[in-house]
Every structure is written in structure tokens, then in C-alpha cells.
Protein chains: 2
Amino acid sequence: MREALLAAGRATVQAHGYNALSFRNLADEVGIKSASVHYHFPTKGDLAAALARRYTEDGAAYLQQLLATSLDPVWCMARYVEIYREALVNDNRMCLVGMMSAELDDLPTEVRQEVEKFFAMNIAWLVRVLTLARPDADEKALADRALAILAAIEGAQLIARGRQDLAAYDRAIAAYRVAGLMP
Amino acid sequence: MREALLAAGRATVQAHGYNALSFRNLADEVGIKSASVHYHFPTKGDLAAALARRYTEDGAAYLQQLLATSLDPVWCMARYVEIYREALVNDNRMCLVGMMSAELDDLPTEVRQEVEKFFAMNIAWLVRVLTLARPDADEKALADRALAILAAIEGAQLIARGRQDLAAYDRAIAAYRVAGLMP
DNA sequence: ACCTGAACACCGTTCAAGT
DNA sequence: ACCTGAACACCGTTCAAGT
């Protein structure tokens with residue numbers, strides 16, 4: 001039941017955001033009453049924090065697997081931008097944490113901490129990939145570049161979603177490559 | 001009164017989003033009853049569409065003024081990134097339309113149209129600025145580059161907001177320049 | 001022209017009660 | 001251990017009524 005709630009909750013947040021996440025709708029989706037959802041997740045903040053934590057865990061596992069498959073930075077980056085593209089393909093959804101970033105002011109502190117952890121995990125992975133491309137590069141410069149790449153990809157996803165135009169995502173990513181922002 | 005509602009509504013959406021926009025809170029802020037807000041804006045969608053339209057109008061007027069002041073692309077881009085930076089400085093707020101893009105699935109069609117218009121207006125202005133830097137460049141390449149710059153800036157704002165870290169915005173923008181993404 | 005109170009079906013949260 | 005119904009103060013929307 002807990003897993004069913006997490007699955008339904010993730011889909012809802014990626015499509016409609018934290019504020020649109022409803023205990024009543026969620027309960028209907030999994031076939032229990034809204035008061036019962038509070039048994040598994042006492043507050044909406046607990047649920048959202050669990051969603052973000054699981055999202056980061058799943059993402060970290062997948063990214064680790066990528067680097068275990070190949071140490072080619074171009075290939076790894078291509079797989080990385082595909083992750084964010086898939087969310088758009090999948091019913092114009094957004095990165096769960098990107099969505100929560102927009103709604104940050106409405107999030108309890110425990111959820112904000114998970115938002116921070118997701119970004120830190122992604123940046124650490126991007127630094128590893130960038131290091132493969134430029135092993136001699138300055139550590140701080142790579143960290144800034146990793147942050148910029150993450151921000152640029154999240155932004156491309158946000159704009160493509162706002163315009164309901166998947167091609168806009170592809171064009172933005174292509175322009176990033178042309179400019180030399182990412183491998 | 002209409003203007004007071006638009007001002008209060010803009011601040012709320014930039015801080016909390018469309019879903020958190022409440023007729024009752026808005027009414028309290030301007031000193032009327034919630035039912036009276038519906039006299040000025042029949043539905044929440046009408047209010048949101050008016051907010052986005054006004055936001056685009058104000059932005060267009062400011063950007064036009066920039067180009068009337070100087071035709072230096074580096075100076076114009078520096079002023080442009082400052083706009084998005086100011087939103088963060090101002091209580092960690094976000095671009096009103098970037099916020100709405102995240103919440104797109106919850107927006108009525110009339111609001112989505114205004115979201116589209118805002119992006120089109122920004123891209124058109126960026127193409128003009130890029131043309132000043134590279135007058136001989138391919139039209140389509142400039143349009144893609146303009147889209148990429150807009151997306152990258154929106155993303156930098158989103159990530160900086162999510163991390164509650166203004167310096168992250170500055171680092172991302174600096175990295176965009178180092179990579180050669182923007183003038 | 002502009003505002004109001006009351007009603008409606010929603011929301012998260014709490015709690016005593018069920019199995 | 002897990003679920004429920006009922007209550008509370010919220011939400012957008014509608015409408016008849018006021019000035």
C-alpha cells in the first residue's frame with residue numbers, strides 16, 4: 001500500500017505539483033479512504049519528503065549504472081539528457097524536484113532538504129562525467145560547469161513543458177552542445 | 001481595486017504559484033470580500049491570464065527601453081540576466097511565467113496562451129540582441145540560440161530558488177558565458 | 001458599478017472508533 | 001497493524017441581495 005501511494009504520488013507531483021497533490025484523490029486511486037493515507041504518511045510534508053527521497057535514490061541508482069556501463073562522457077551525457085526528455089514524452093511531465101523547486105515556498109523544511117540532496121547528487125555525478133572529459137581541469141570550474149549543465153537542462157525541460165513543445169527541448173539541448181556548454 | 005488585485009496576485013504567484021493563489025487571501029490583502037474579487041475576475045483563470053498578460057506587457061516595455069538605450073549586445077544581456085536575478089533577490093521569487101510553466105497542467109487554456117506569448121516575446125527580443133552580435137548569422141541558428149539562452153536562464157533561476165542560493169544563479173550564468181552560450 | 005453573505009463541493013488534518 | 005466516519009477550518013464558484 002505504501003508503495004502504491006508513492007507511485008501514485010510521484011505521477012501526480014510530476015504532472016501537477018506538490019500543491020495539487022490531494023490525499024482524497026490519492027486515496028481514491030489506491031482504493032482506501034483519505035484518513036488512511038495519514039497512517040502511512042502523517043502529513044503531506046512527510047509524503048512529499050518520501051517522494052523526493054525515493055526519486056533521488058532511483059535516480060542515483062540509474063546514474064551509477066550508466067557509469068558502470070561506459071566511461072565515455074559523451075555517451076553518459078546523452079543518456080542524462082534523455083532522462084529529462086522522457087519525462088516530457090511521458091505526458092509532458094517534469095522532474096519531480098524541478099517541480100518542487102518552483103513550489104519551494106510551500107514546502108516544509110524536510111522536503112526542502114530532499115530537494116537539496118537531489119541537486120547535490122546530480123551535480124556530483126556530472127562532475128564525475130566532466131572529469132572524464134577533462135581530467136586536468138580545475139575542480140571549482142568543473143563544479144560550476146556541472147551546476148550550469150543541470151540548470152540548463154532543467155530550464156529546457158521547464159520551457160518545453162510551458163510551450164507543450166518537445167522539439168523545443170531538443171533544440172535547446174542541441175544549442176547547448178553547439179555552444180560547447182556540455183560534452 | 002483591479003490594479004491592487006493584480007499587484008497582490010503577481011506577488012503571490014511569483015512566490016507561491018498559481019495553485020496557491022487564493023481568492024480569500026487576495027480579498028483580505030486588498031480589503032474586500034472574496035466574492036467581490038469575482039466581480040473583477042470572474043474565474044481564477046481570468047485572473048491568472050490577466051496577471052500573465054500584464055507581466056508580458058511590463059516586460060516587453062522594459063526590454064524595448066533597454067534596446068532604445070544601447071545597442072551593445074553584451075550590455076543588453078547583462079541587463080537581461082539582472083531581471084531574473086532581481087526576482088531571486090526579491091524574497092527568492094521566480095519568473096511568473098516560469099512558475100506557471102511548472103503548473104501548466106493546472107492552467108486553463110487562456111492562461112496557457114499567455115505563457116506562450118511571454119516566451120515568444122522574450123525569444124524575439126533575444127534574437128534581436130544576438131543579431132547585433134552576429135549580424136551575418138543564420139536566422140534559424142539564432143532562434144535556437146535565443147531559446148537556449150532563455151531556457152538556461154529560467155533553469156538557473158529555478159535551481160537557485162530550489163537551493164535558496166543566489167550565488168548558484170551567478171555561478172550558472174558565469175559558466176554560461178565562459179562556455180560561450182551567451183554574449 | 002461594486003460589494004456582500006450564504007451555500008456548495010472541495011482541501012489537509014485530527015481523533016475516536018472499528019477490525 | 002491498518003482502516004474508517006465525522007468533524008474542523010480551508011478552497012473556488014455561484015447567486016440572490018444590497019448600495
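Colleague: How far does a backbone N or O atom of B:Lys44 lie from a phosphate oxygen of DNA strand D?

Modeller: This is a predicted model, and the values that follow are computed from it. Backbone N or O atoms of B:Leu21 and of B:Phe23 each lie 2.8 Å from a phosphate oxygen of DNA strand D. For B:Lys44, a backbone N or O atom is likewise placed by a phosphate oxygen of that strand, and the distance is 2.9 Å.

Colleague: Which element supplies the largest share of the surface near DNA strand D?

Modeller: Helix H3 (34-40) of chain A, helix H2 (23-30) of chain B and helix H3 (34-40) of chain B each supply at least two residues of that surface. By class, the surface near DNA strand D holds seven nonpolar, six polar and three charged residues. The largest share amounts to four residues, and the element that supplies them is H3(A).

Colleague: Turning to the other strand, which element gives the most to the surface near DNA strand C?

Modeller: A phosphate oxygen of DNA strand C is 2.6 Å from an N or O atom in the side chain of B:His40, while a polar side-chain atom of B:Tyr39 lies 2.9 Å from a phosphate oxygen of the strand. The elements that give two or more residues to the surface near DNA strand C are H2 and H3 of chain A, together with H3 of chain B. The one that gives the most, with four residues, is H3(B).

Colleague: What percentage of the atoms of DNA strand C within 4 Å of the protein belong to sugar or phosphate?

Modeller: There are 16 residues around DNA strand C, and among those that come nearest are A:Arg24 and B:Lys33. A polar backbone atom of B:Lys33 is 2.7 Å from a phosphate oxygen of the strand. Of the strand atoms within 4 Å of the protein, some belong to bases, and the share that belongs to sugar or phosphate is 56%.

Colleague: Which side chain of opposite charge is nearest to B:Arg145?

Modeller: B:Arg145 lies in helix H8 (residues 139-162) of chain B, and its contacts beyond four places in sequence include A:Ala175, A:Val178 and B:Leu130. B:Arg145 is buried yet has no salt bridge, and the nearest side chain of opposite charge, 8.9 Å away, is that of B:Asp144.

Colleague: Is A:Gly17 buried or exposed?

Modeller: A:Gly17 is found in the loop between helix H1 (2-16) and helix H2 (23-30) of chain A, where it is in contact with A:Thr12, A:Met99 and A:Glu103, leaving aside neighbours within four places in sequence. Because its relative accessible area is 0%, A:Gly17 counts as buried.

Technical notes
Residues numbered from 1 in each chain as written. Chains lettered and ligands numbered in written order. Predicted model: local features only at pLDDT ≥ 70, side-chain atom pairs only at ≥ 80, totals over all residues. Heavy atoms only, no water. Polar contact = N/O pair within 3.5 Å; in protein donor to acceptor, adjacent residues only side chain to side chain. Nonpolar A, V, L, I, M, F, W, Y, C, P; charged D, E, K, R; others polar. Buried < 20%, exposed > 50% of the residue type's maximum accessible area, 1.4 Å probe, protein only. Lys, Arg positive; Asp, Glu negative; His and termini not counted. Salt bridge = Lys/Arg side-chain N within 4 Å of Asp/Glu carboxyl O. Contact = heavy atoms within 4.5 Å. Near = heavy atom within 4 Å.
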